[in-house]
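User: Please take a close look at one part of this model, the aromatic side chains, and then work outward to the helices, pockets and backbone. Keep it brisk.

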Amino acid sequence: MSTSPDIAVIGGSGFYTFLEDPQEIDVETPFGAPSASIAVGTVASGAERRTVAFLPRHGRHHEFPAHRVNYRANLWALRSLGVRQVLAPCAVGGLHDRLGPGSLVVPDQLVDRTSRREQTYFHEGACHVSFADPYCPRLRAALLEGSADGPPYGAEPPVDGGTMVVIDGPRFSTRAESQWYARQGWDLVNMTGQPEATLARELELCYAAAALVTDLDAGIDAERAVDQEQVFRVFAEHTDMLKQRLHTVVSALAAERNCDCSEALAGMNPPLELP
């Protein structure tokens, strides 16, 4: 099996079964160890098979809460193996009734409310990447497209677009915070989507999130305030749907990239040589 995947999935431990014949690879990076060994296996695409990498964002046993994930090592390790396209399923809270538990959203915007996280690879020189549109439009389109084959992905098609606000955690939002996020016109709240997206851009990777709504965040009403048990349960209930969608996307996604992600550092002089 080739150990040079061009596509990676960063997700939860339930995605280990996403790959066939996975082999675990330990990768050293200048930024320390990634969350876990990277599993490299295959995904069937008709009569062909495609090599894909999988990295559990929180570690193999969910040992790293969102604020302690080594995002820099994770993205660097994937790129060093040959990855250039990253699909990032994640759990989110919905900030409006229209995005209830079970909704799948492909966000197009991000608001960073985190602090004390390593946000960049570049701590010297002038290297300011464009981040007006934080997600790769080509990967977003692929996540939104349905499949003509097989059963539907769920009762509702994925929602096209939405703003995801990323908070530090590990606590959930207060009711006042949740209501404030909603008043800003933001749609989703999450703990892991940043700096993952920024670092992917700095490494000239294509990156897009597939956000599964597991709860209505604290601000909507007291009866439906978020709790950990519900988040884990709803995400587990929809893991098969997410894997099916990602399987279809991976199988159909071209290796050639006709977006701007691969030229994010054009005209700059980054102080690090990318792997």
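Analyst: Trp 180 counts as partly exposed, because its relative accessibility is 32% and the partly exposed class runs between 20% and 50%. This is a predicted model, so every value here is computed from predicted coordinates. Tyr 181 is buried, with a relative accessible area of 4%. Both residues belong to one aromatic pair. A pair of aromatic rings is described by the distance of the centres and the angle of the planes. For Trp 180 and Tyr 181 the centres are 5.7 Å apart and the planes stand at 55°. That angle makes the pair tilted, because stacked needs planes under 30 degrees apart and edge-to-face needs over 60. The count of aromatic pairs comes to seven. There is also an aromatic cluster, formed by Phe 31, Trp 76 and Tyr 121.

Trp 76 leads to helix H1. It is one of the buried residues of H1. The helix covers residues 71–80, and nine of its ten residues are buried. The buried set runs Tyr 71, Arg 72, Ala 73, Asn 74, Leu 75, Trp 76, Ala 77, Leu 78 and Arg 79. Two arginines, Arg 72 and Arg 79, are among them. H1 is mostly covered. After H1 comes Gly 82, with a positive phi near 110°.

Helix H5 shows a buried side and an exposed side. Its buried residues are Gln 230, Val 231, Val 234 and Phe 235. Viewed down the axis of H5, these residues fall within an arc of 120°, so they line one face of the helix. The face turned away from that buried side carries Gln 228, Glu 229, Ala 236 and Glu 237, which are exposed. The cover over the buried residues of H5 includes strand E5, strand E11 and helix H6 (239–252).

H5 also takes part in the largest pocket. Helix H5 (228–237) supplies at least two residues of the lining, as do strand E5 (85–94), strand E10 (188–190) and strand E11 (206–216). The volume of this pocket is about 840 Å³. Its lining has 34 residues. Nearest the centre lie His 58, His 62, Ala 91, Val 231 and Phe 232. Val 231 is also a buried residue of H5. By class, the lining divides into 16 nonpolar, 14 polar and four charged residues.

The second largest pocket has a volume of about 200 Å³. Its lining consists of Ser 130, Ala 132, Asp 133, Tyr 135, Cys 136, Pro 137, Arg 201, Cys 259, Asp 260, Cys 261, Glu 263 and Ala 264. These divide into seven nonpolar, one polar and four charged. Three cysteines, Cys 136, Cys 259 and Cys 261, are part of this lining.

Back to strand E5, where Pro 89 is found. Pro 89 is buried, with a relative accessible area of 1%. Beyond its neighbours within four places in sequence, Pro 89 contacts Val 9, Ile 10, Gly 11, Phe 15, Arg 57, Ala 210, Leu 242 and Leu 246. Pro 89 and Arg 183 stand 94 residues apart in sequence, and their C-alpha atoms are 26 Å apart in space.

Two further prolines follow cis peptide bonds. The bond from Gly 169 to Pro 170 is cis, with omega near 0°. Pro 170 sits in the loop between strand E9 (163–166) and helix H3 (175–183). The bond from Gln 194 to Pro 195 is also cis, with omega near 15°. Pro 195 sits in the loop between E10 and helix H4 (196–202).

Last, two residues have positive phi without being glycine. Asp 21 has a phi of about 50°. It lies in strand E2 (residues 20–25). At 61% relative accessibility, Asp 21 counts as exposed, because that class begins over 50%. Glu 204 has a phi of about 60°. It is found in the loop between H4 and E11. Glu 204 is buried, with a relative accessible area of 15%, because buried means under 20%.

Key:
Residues are numbered from 1 along each chain as its sequence is written. This is a predicted model: local features need pLDDT of at least 70, side-chain atom pairs count only at pLDDT 80 or more; totals for chains, interfaces and linings use all residues. Side-chain values use heavy atoms; hydrogens and water are left out. On a 1 Å grid over the protein atoms alone, a cavity is a set of points where a 1.4 Å probe fits but cannot get out, and a pocket is an open set with protein on both sides within 12 Å along at least five of seven lines; lining residues have an atom within 4 Å of a point. Grid points are joined across faces, edges and corners, and a volume is the space filled by probe spheres set on the points. Helices (H or I, at least four residues) and strands (E, at least two) are DSSP runs, numbered from the N terminus. Ala, Val, Leu, Ile, Met, Phe, Trp, Tyr, Cys and Pro count as nonpolar, Asp, Glu, Lys and Arg as charged, and the others, Gly among them, as polar. Buried means under 20% relative accessible area, exposed over 50%, partly exposed in between (1.4 Å probe, protein chains only). The arc is that of the directions from the helix axis to the C-beta atoms. Contact means heavy atoms within 4.5 Å. Rings of Phe, Tyr and Trp (its six-membered ring) pair if their centres lie within 6.5 Å; planes under 30 degrees apart count as stacked, over 60 as edge-to-face and the rest as tilted.
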